[in-house]
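Hi everyone, thanks for making time for this. I'd like to walk you through one structure, starting with some enclosed space and then moving on to how the inside is packed.

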Amino acid sequence: MNKETNTQEKFKTMIGGQALIEGILMQGPKKKSIVVRGPEGLVVKTEPLKAPKDRYPILGWPLIRGVVNFAGSMVNGVKALMYSASFFPEEEDTQPSKFDQWLEDKIGSEKMEKLVIYVAAVLGIAFSVGLFILLPTFLAGLVPGIHGNYLLRNLVEGFLKIFLFLGYMILISRMKDMRRVFSYHGAEHKTIRCYEARLPLTVENVRPMTRLHPRCGTSFLLVVICISILCGTLIRADNTFVRMGLHLLMLPVIVAISYEFNRLVGRYNNGLTRILTAPGMWMQHFTTNEPDDSMIEVAIRALEEVIPEEAGTDQW
């Protein structure tokens, strides 16, 4: 086991990524790249990044950009996952159902693929909201003696949110199929850390870097839950379903604030930001694993594809 060392950051980059099935998605200021280690070797797919704010500048405004970027990252993430999975088909050659075949014939294979991606993204968001936001609210409503005591009820809801989130993350971290994905997650973080230290992107330089990073998606989700707990203190309602509806109405604001929070603490490295990011960094011990050298090679290649040619254009 290689011992991690903390990187001495020289600057903060806006480049981020996502672990895939035997691969990594990296997104820079101008390009995004998917690198997968397929059966035939490394496969690289690099495309120009089409940011919504380039077409509609208002979508890049603070508090608006958080919701837009979150939705876009979900869609791009699902799309990249499906692309990486296509290199590792299941052993059983399953035939599409009659409904799937009919739908594909009606709308075409390309539109069918886009439909699947958007549906998967929506279902992913719905699952997270249902498990970490709505379910705790429903369960808290079953606790006797808290009706009318809004502070106590919000504390119970908050405890359940944190408990379910921690339990879910710890549970999936123990799943065999997720361990390699989380190792690629670690490779992604280590490589970005190496880049921020302005060291040459080599396996030897990346290997000792810490696998924790303050701008991780795990940290973002934890911030969303914590801010939802704080916003829950504003709800003055006893009816469980009314409370669930109000939580849903507040969700875009919560996501927007969480995005700005992660963006702010990601720009600085001082005592205060280290305290604020400590819970999210601790959670990454469950969602990242130590990568092997082949995974680091994938991360390096993906990062190299999106590093801007103009010096400094990827800095905060």
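Helix 2, residues 65-85, gives the largest share of the lining of the largest cavity, four residues. Keep in mind that this is a predicted model. Strand 3 and strand 4 also supply at least two residues each to that lining. Going through the lining by name, we have L25, K32, S33, I34, K45, E47, N76, K79, A80 and Y83. For those of you thinking about chemistry, they split into four nonpolar, two polar and four charged. The space inside is about 100 Å³, and a search of the whole structure turns up one cavity of 30 Å³ or more.

Now for the packing. Which residues have the most contacts inside the largest nonpolar core? They are I24, M26 and L303, in a core of 25 residues. Strand 2, helix 6, helix 7 and helix 11 each bring at least two residues to this core, and helix 11 gives the most, with eight.

Let's stay with helix 11 for a moment. It has 14 residues and spans 21 Å from first C-alpha to last, close to the expected 20 Å. Its buried residues are M295, I296, V298, A299, I300, A302, L303 and V306. Among the elements covering them are strand 2, strand 3, strand 4, helix 6 and helix 7.

From the strand 2 side, look at I24: beyond its neighbours within four places in sequence, its contacts include M295, V298, A299 and A302, along with Y184, A187 and E188. Finally, there is a second, separate core of 16 residues, with V129, A237, M250 and Y259 among them.

How values were computed:
Residues are numbered from 1 along each chain as its sequence is written. This is a predicted model: local features need pLDDT of at least 70, side-chain atom pairs count only at pLDDT 80 or more; totals for chains, interfaces and linings use all residues. Side-chain values use heavy atoms; hydrogens and water are left out. A nonpolar core is a set of buried Ala, Val, Leu, Ile, Met, Phe, Trp, Tyr and Cys residues joined through side-chain atoms within 4.5 Å. Buried means under 20% relative accessible area, exposed over 50%, partly exposed in between (1.4 Å probe, protein chains only). Contact means heavy atoms within 4.5 Å. The expected span of a helix is 1.5 Å times one less than its number of residues. On a 1 Å grid over the protein atoms alone, a cavity is a set of points where a 1.4 Å probe fits but cannot get out, and a pocket is an open set with protein on both sides within 12 Å along at least five of seven lines; lining residues have an atom within 4 Å of a point. Grid points are joined across faces, edges and corners, and a volume is the space filled by probe spheres set on the points. Ala, Val, Leu, Ile, Met, Phe, Trp, Tyr, Cys and Pro count as nonpolar, Asp, Glu, Lys and Arg as charged, and the others, Gly among them, as polar.
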